[in-house]
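This report describes the fold of a single protein chain, proceeding from its sheet to its cores and then to selected residues.

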Amino acid sequence: MELPLVVGVDGSGPSLRAVDWAADEAALRGAPLRLVNASLWERYEGVSAAGTDRPPDQKLAEDVVDAATRRVRDRRPGTRVSADVLPDDPVSVLLHEGHRACALVIGSRGRNGLVELLLGSVSLAVAARADCPVIVLRGGQESRAAAGEHRRIVLAVGDGPNSSAPARFALQEAEARGASLDAVRAWRWPGREPTDQPPVEGEPARRHERQAVEILESALDGPAAEHPSVRLRLRAAEGSTRGVLLAASAGADLLVVGAERLHAHVGLPVGRVAHALLHRSACPVAVVPDRAGTR
């Protein structure tokens with residue numbers, strides 16, 4: 001059975017713009033789109049489709065998903081779309097849907113700069129625990145992310161177990177968009193203090209840079225061969241991982257980062273770098289489970 005792309009919708013502006021993004025993504029993938037509404041959404045995000053006091057009846061929830069369905073069909077005629085209202089909290093609904101989805105799409109909220117910086121608890125919890133890739137869109141990103149205006153995908157290559165899942169996902173996204181893929185890895189001298197000055201040229205700097213390039217080559221070697229049409233660039237940059245990746249997110253359509261899932265630590269938050277990217281990236285972030293660590 002073909003797995004759908006799933007998007008959570010509650011009738012708010014951010015979630016409807018996430019629906020637009022997901023509709024474009026489904027069209028790129030040729031995948032069915034599934035819209036889900038969780039009836040307890042407002043407990044977690046503080047915003048509902050009809051104000052602060054949401055009626056208990058199902059009619060309002062059905063109106064929300066019906067409107068979202070019409071929005072998809074107007075935007076992407078021919079898209080296979082289904083919708084459902086599920087009587088549970090948003091995290092439980094989305095995690096359950098993630099068991100049989102090719103990816104989840106979530107739009108975060110924010111009525112002012114501070115609220116938007118503090119990424120919604122639903123988005124963070126789902127990104128940390130889902131079995132499938134989770135694409136999180138912050139603020140105004142939802143309206144432009146799928147337009148492919150930059151035709152550039154960024155893949156963060158880190159220190160985790162050697163899993164190809166994030167690389168394969170990034171290559172598939174790049175191929176679908178006709179975009180290039182920048183595989184990026186940060187490197188630092190051991191014990192180097194943070195500074196705005198570049199490292200002094202010499203053998204130590206070259207050695208650490210070579211090690212970073214070797215890791216990039218190892219991570220992309222197999223997956224890249226399966227997508228020969230994608231223009232791939234390997235980039236090793238001196239600096240903190242967070243700083244290098246945040247800089248790389250500018251001028252990108254999507255930033256892909258891996259997330260380890262360990263049997264003994266299911267449910268732990270995403271790592272510090274992924275957490276920072278989800279809060280501050282200039283483009284949407286796809287958190288892809290590391291299958292090597294999946295239970």
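Two strands are taken to pair if DSSP finds at least two bridges between them. The model discussed here is predicted. With that criterion in mind, the bridge partner of I153 in strand 9 is L254, and strand 6 (residues 152-156) pairs with strand 9 in the parallel sense over 3 bridges.

**Overall composition**

The protein chain contains 10 helices and 10 strands. Of its 295 residues, 52% are buried. Among contacts with a separation of 6 or more, 81% are between residues 24 or more positions apart. The accessible surface of the chain amounts to about 13,800 Å², and carbon and sulfur atoms contribute 50% of this area.

**The sheet**

Strands of a sheet pair through backbone hydrogen bonds, either parallel or antiparallel. In this model, 10 strands form an open sheet with mixed pairing, in the order 3-2-1-4-5-10-9-6-7-8. Strand 3 (81-86) and strand 8 (232-238) occupy the edges; each has a single partner strand, so one side of each is left without a neighbour in the sheet. On average, neighbouring strands are turned by 25 degrees against each other, direction ignored.

Three of the parallel pairings are listed below, each with its number of bridges.

| Strand | Partner strand | Bridges and sense |
|---|---|---|
| Strand 1 | Strand 2 | 4 bridges, parallel |
| Strand 6 (residues 152-156) | Strand 9 | 3 bridges, parallel |
| Strand 9 (residues 254-260) | Strand 10 (residues 285-290) | 6 bridges, parallel |

Individual bridge partners can be assigned within these pairings. G8 has V36 as its bridge partner in strand 2. G258 is matched with V288 in strand 10, and E260 stands opposite D290 in that strand.

How is strand 9 placed with respect to the rest of the structure? Strand 9 is largely enclosed by it, because 5 of the 7 residues of this strand are buried. In strand 1, the residues L5 and V7 point one way while V6 and G8 point the other way, and all of them are buried.

**Helix 4 against the sheet**

Which strands does helix 4 touch? Helix 4 (residues 90-98) packs on the sheet and touches strand 1 (5-8), strand 2 (33-38), strand 3 and strand 4 (103-107). The direction of the helix makes about 155 degrees with that of strand 2. Helix 4 is mostly covered, with 7 of its 9 residues buried; these are P90, V91, V93, L94, L95, E97 and G98. At the start of helix 4, a side-chain oxygen of D89 comes to within 3.2 Å of the backbone nitrogen of V91.

**Nonpolar cores**

The largest nonpolar core comprises 47 residues. Within this core, the residues with the most contacts are L33, L35, V105, L155, L181, L220 and V256. Helix 1 (residues 13-29) supplies the largest share of the core, 7 residues. Another core, of 37 residues, lies apart from it and has V36, L86, V136 and C283 among its members.

L35 illustrates the contacts made by one of the residues named for the largest core. Not counting residues up to four places away in sequence, L35 touches V7, V9, V19, V65, A68, T69, V72, V81, S82, A83 and D84.

**R185 and A236**

R185 lies in strand 7 (residues 180-187). Is this residue, R185, buried or exposed? Since buried means under 20% relative accessible area, R185 counts as buried because its relative accessibility is 11%. The side chain of R185 reaches the backbone oxygen of V157 at 3.5 Å. Beyond residues up to four places away in sequence, R185 touches V157, G158, D159, A212, I215, L216, R235, A236 and A237.

A236 is found in strand 8, which stands at an edge of the sheet. A236 is nevertheless buried, with a relative accessible area of 18%. Leaving aside its neighbours within four places in sequence, A236 is in contact with R185, W187, E209, A212, V213 and L216. A236 and V157 are separated by 79 residues in sequence, and their C-alpha atoms are 9.7 Å apart in space. R185 touches both V157 and A236.

Terms used. Residues are numbered from 1 along each chain as its sequence is written. This is a predicted model: local features need pLDDT of at least 70, side-chain atom pairs count only at pLDDT 80 or more; totals for chains, interfaces and linings use all residues. Side-chain values use heavy atoms; hydrogens and water are left out. Helices (H or I, at least four residues) and strands (E, at least two) are DSSP runs, numbered from the N terminus. Buried means under 20% relative accessible area, exposed over 50%, partly exposed in between (1.4 Å probe, protein chains only). A polar contact is a pair of N or O atoms within 3.5 Å; within protein, one must be able to donate a hydrogen and the other to accept it, and residues adjacent in sequence count only if both atoms are side-chain atoms. Contact means heavy atoms within 4.5 Å. Axes are lines fitted to C-alpha atoms, for helices over the stretch in contact, and angles run from 0 to 180 degrees between N-to-C directions. A nonpolar core is a set of buried Ala, Val, Leu, Ile, Met, Phe, Trp, Tyr and Cys residues joined through side-chain atoms within 4.5 Å. Accessible areas come from the Shrake-Rupley method with a 1.4 Å probe; for residues, only the protein chains shown count as cover.
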